[in-house]
Amino acid sequence: SIDRAGLHLVVELPETLPARANPDQLAQVLANLLSNAVRYTPSGGTVTVRAERHPGDCLVSIVNTGDGIPPEDRDRVFERFYRVEKSRDRARGGAGIGLAVVKQLVEAAGGRVGAESGEGRTRFWFSLPAQ
């Protein structure tokens, strides 16, 4: 749940989305990605959660508005203890391990992860094998 005032949450989910995943690990992945999105979305911004079926897998995206990730940092955001803005992240409570855990859990389930950022929005996504 988003407990910070001033954020808009958009959820676009199909009725069913059969994927092979451990429910507890999937919950951890979603919690980490949503936590980051909320942390880095300015007041009045939007967080969008979208899931869709593709042939052979399911794709989940968490998109947030805000400053984004500088291009030089995008390839490293899934590294353990890596933080884009060291001083601001410490103030916001980030330890730099959430995205590394996301990558580890998704890849252990046979999926993939990625991040894109630009033009006032950041998108983290992961795919899991279809059931």
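How many bridges join strand 3 to strand 5, and do the two run parallel or antiparallel? I began the notebook with this pairing, and I found 9 bridges between strand 3 and strand 5, with the strands running antiparallel. I note at the outset that the model is predicted.

**Entry 1: the elements**

I looked up the overall make-up and found 3 helices and 5 strands in the protein, which follow one another from the N terminus in the order β-α-β-β-α-α-β-β. I also looked up burial for the whole protein, and of its 131 residues 37% are buried.

**Entry 2: strand 5 and its partners**

Returning to the pair I opened with, I checked one position along it and saw that D57 stands opposite P129 of strand 5. I then turned to strand 4, residues 112-118, which pairs with strand 5 in the antiparallel sense over 7 bridges; within that pairing, R123 of strand 5 is the bridge partner of E116. Strand 5 itself covers residues 121-129, and I recorded that 8 of its 9 residues are buried, so that the strand is mostly covered.

**Entry 3: the turn at E119**

I looked next at the connection between strand 4 and strand 5, which form a hairpin with 2 residues between them. E119 is found in this loop, and I noted its positive phi of about 55 degrees, although E119 is not a glycine. For context I wrote down that most residues other than glycine have a negative phi. Is E119 buried or exposed? The relative accessible area of E119 is 87%, and because the cut-off for exposed is over 50%, I entered E119 as exposed.

**Entry 4: strand 1, helix 1 and strand 2**

I moved to the N-terminal part, where strand 1 (residues 8-12) and strand 2 (residues 46-54) run parallel and are joined by 5 bridges. Taking H8 as a check, I found its bridge partner in strand 2 to be T46. Which hand does the crossover between these two strands have? The chain passes from strand 1 through helix 1 (residues 23-39) to strand 2, and I recorded this β-α-β crossover as left-handed.

**Entry 5: the aromatic pair**

I searched for pairs of aromatic rings and found 1 in the structure. The ring centres of F78 and F124 lie 5.8 Å apart and the ring planes stand at 85 degrees, so I classed the pair as edge-to-face. What does this pair tie together? F78 lies in the loop between strand 3 (57-65) and helix 2 (86-92), whereas F124 belongs to strand 5, so the pair ties together parts that are 46 residues apart in sequence. I checked the burial of both rings' residues: F78 has a relative accessible area of 14% and is buried, and F124, at 9% relative accessibility, is buried as well.

**Entry 6: R74 in the loop of F78**

I then looked up R74, which lies in the loop between strand 3 and helix 2. Its relative accessibility is 26%, so I entered R74 as partly exposed, the class between the 20% and 50% cut-offs. From R74 to G114 the C-alpha to C-alpha distance is 9.3 Å, while the two residues are 40 apart in sequence.

**Entry 7: the largest cavity**

How many cavities of 30 Å³ or more are there? I recorded 1 cavity by this rule, and the largest cavity has a volume of about 60 Å³. Among the residues that line it I listed A21, N22, Q25, L105 and L128. Helix 1 and helix 3 (98-108) each supply at least two residues of this lining, and helix 1 gives the most, with 3 residues. By class I noted 7 nonpolar and 2 polar residues in the lining of the largest cavity, and no charged ones.

**Entry 8: the second largest pocket**

Last, I looked up the second largest pocket, which holds about 200 Å³ of space. It is lined by 13 residues, and the closest to its centre are L17, L26, L30, A51 and V60. Helix 1, strand 2, strand 3 and strand 5 each contribute at least two residues to this lining. Which classes of residue make up the lining of the second largest pocket? I entered 13 nonpolar residues, with no polar and no charged ones. I closed the entry with L26, which lines the largest cavity and is also one of the residues closest to the centre of the second largest pocket.

Notes: Residues numbered from 1 in each chain as written. Predicted model: local features only at pLDDT ≥ 70, side-chain atom pairs only at ≥ 80, totals over all residues. Heavy atoms only, no water. Pairing = 2+ DSSP bridges. Helix = DSSP H or I, 4+ residues; strand = E, 2+ residues; numbered from the N terminus. Right-handed = clockwise from strand over helix to strand, strands pointing away. Phe/Tyr/Trp six-rings, centres within 6.5 Å; stacked < 30°, edge-to-face > 60°. Buried < 20%, exposed > 50% of the residue type's maximum accessible area, 1.4 Å probe, protein only. 1 Å grid on protein atoms, 1.4 Å probe; cavity = no way out; pocket = protein on both sides within 12 Å on 5 of 7 lines; lining within 4 Å. Points joined across faces, edges and corners; volume = space filled by probe spheres on them. Nonpolar A, V, L, I, M, F, W, Y, C, P; charged D, E, K, R; others polar.
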